[in-house]
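Dear colleague,

Please find below the structure that I am handing over to you. A short account of what was found in it follows.

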Amino acid sequence: MRSAAVTGGAAALTGLGDSAVEAAAGQPGPDCRPVPGAVTVSPDDFRYPSLNKSHNGRFTPRPDAIIAVYSPEQAVRAVEDAVRVGKRIAVRSGGHCYEDFVTSADVRIVLDVSQLDQVSFDSEHQAFSVEAGATLGKVYKDLYYGWGVTIPGGSCPSVGVGGHIAGGGYGNLSRRHGMVVDHLYGVEVIVVDRMGKARRVVATRRSDDPHRDLWWAHTGGGGGNFGVVLRYLLRSPQARGRQPGDLLPRPPATAPGLVATWQWAQTDERAFITLVRNHGGWHERHPHTELFSSLALTHRATGTLQLLVGVNGEQQDAGRLMEDYLGQVTAGVGAPPETTRSDQPWLTATLGAATYAGGTPFKSKAAFLRRRWTDRQIGVVHQYLTDGDTRWGTSVHVTSFGGEINAVAPDATAFPHRDALFSVTYGHYWTDPEDHAEIEWIRRFYQEVHAETGGVPVPGDVNGGCYVNYPDADLADPKWNTSGVPWHTLYYRDNYPRLQRVKARWDPRDVFRHALSVRPPA
């Protein structure tokens, strides 16, 4: 429990040019640990280079201050002070944003909520309370150790839940349990009114909650749009009873998996197209099974291609399911893969996933697909993945969607892509931030894949749009998006006008904004 009595708070922002550290501790309440005062670090502080981090090495942020908060009250004061002196503020949880939403040159104050990371059970709301600064790894561990439950979130343990959940959140358990937001009961948010007054609001999915629209906006509306998320309240909508262990999904005991690896040297274009076509066709025939996979199409310079396969739930015949799947995906490919199998305890496998430390320049692009790529598109992917010999940092992942994700209506949550079968991500890393040819290359790659729809995955029979948690500012650039369809339709589809109304109500001053933020209605 965090103490509600805090004597410190964020330093006044009028003197942010000077190094300032508020070290006064709050007075602890009964059975509560002391809460440190907020810490404000400016550019002349020796800690500034460590705290002024950028996940994407393309961006070099230089805010006037980074404020690390240890209590909701400190966060409220930091927001109000920034609004009062007219300094743009952005919020950082795990700091994994692909674009410059937090690192933009006009962001003067970075509010770091990573110290707000507690996971507990809220008996008042009969829901799990997960503070916005917690990483997915901590959430998985704490929920598992404490109550034997979990959420169907992402596979990178170092990602912060602050932005992950607000954008929807999905992972290896999603074919069985849906999106994370399908289990979101409520959210506590700092909002700012027209007068610049900041306050905390708890919004829930209860039909009689007057703040319900704010809850809905956080079920896929994306981070940095409406306020500062302090914590999420998680409880499955179908859960009954008062025992915490019955209120969220139980993870499987083990995580059976299979990895198939092909050598690029033994994989010609025909074999590549057959493999990718088979993978897509299998998903079209089996949209709702609990088997999931990710086809990792890395550049030829890496030497190999991989297919990662897993099975949700307590499947006694998991091995047979994976072998049958592999047989269908590899039929006619010719080049035989090397295969390895595993069956680790679920938590061990989940926490052991590789994470990217950040700092390297990269560009990420993404798409939802309702149907597999055409053979022409697969040919384009092959062309770019065999282009040159030095693109070690290029990969395209075609990952299973579908299952219970598709069982929810597109307007029940702000996340609208309930008809998608695949989530596709493009990642391209390089070493020199000034090498503009590299970013042009990945932009052309993506544009050519979606040439029939103006260079972007316009929602329709084949495409489903884009995922706001994989932001791509190019979608708002008519040079790269020639479809005539605005970026917000790609992310939010028909839900955007409703999100704009929420924006107008809860952030009337447009305090919380970035390159792709929800715009106030005209």
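A polar contact is a pair of N or O atoms within 3.5 Å; within protein, one of the two must be able to donate a hydrogen and the other to accept it. Please note that the model is a predicted one.

One such contact involves threonine 267, whose side chain reaches the backbone oxygen of glutamine 263 at 2.8 Å. Threonine 267 lies in the loop that runs between strand E10 (254-263) and helix H7 (269-285). Is this threonine 267 buried or exposed? Buried means under 20% relative accessible area. Threonine 267 counts as buried because its relative accessibility is 7%. Leaving aside residues up to four places away in sequence, threonine 267 touches Trp262, Phe272, Leu305 and Ala335.

As to the chain as a whole, it contains 13 helices and 17 strands. A compact globule of 522 residues would have a radius of gyration near 24 Å, and the 23 Å of the chain therefore agrees with that expectation. Along the principal axes, the C-alpha atoms fill a box of roughly 70 × 55 × 45 Å. Of the 522 residues, 56% count as buried. Among contacts between residues at least 6 apart in sequence, 71% join residues at least 24 apart.

Concerning the surface and the charges, the accessible surface of the chain comes to about 20,500 Å², and 50% of this belongs to carbon and sulfur atoms. The chain carries 53 positive and 55 negative side chains, with the centres of the two sets 4 Å apart.

Yours sincerely

Terms used:
Residues numbered from 1 in each chain as written. Predicted model: local features only at pLDDT ≥ 70, side-chain atom pairs only at ≥ 80, totals over all residues. Heavy atoms only, no water. Helix = DSSP H or I, 4+ residues; strand = E, 2+ residues; numbered from the N terminus. Rg over C-alpha atoms; globule rule 2.2 N^0.38 Å. Buried < 20%, exposed > 50% of the residue type's maximum accessible area, 1.4 Å probe, protein only. Contact = heavy atoms within 4.5 Å. Areas by Shrake-Rupley, 256 points an atom, 1.4 Å probe, with all protein chains shown as cover. Lys, Arg positive; Asp, Glu negative; His and termini not counted. Charge placed at Lys NZ, Arg CZ, Asp CG, Glu CD.
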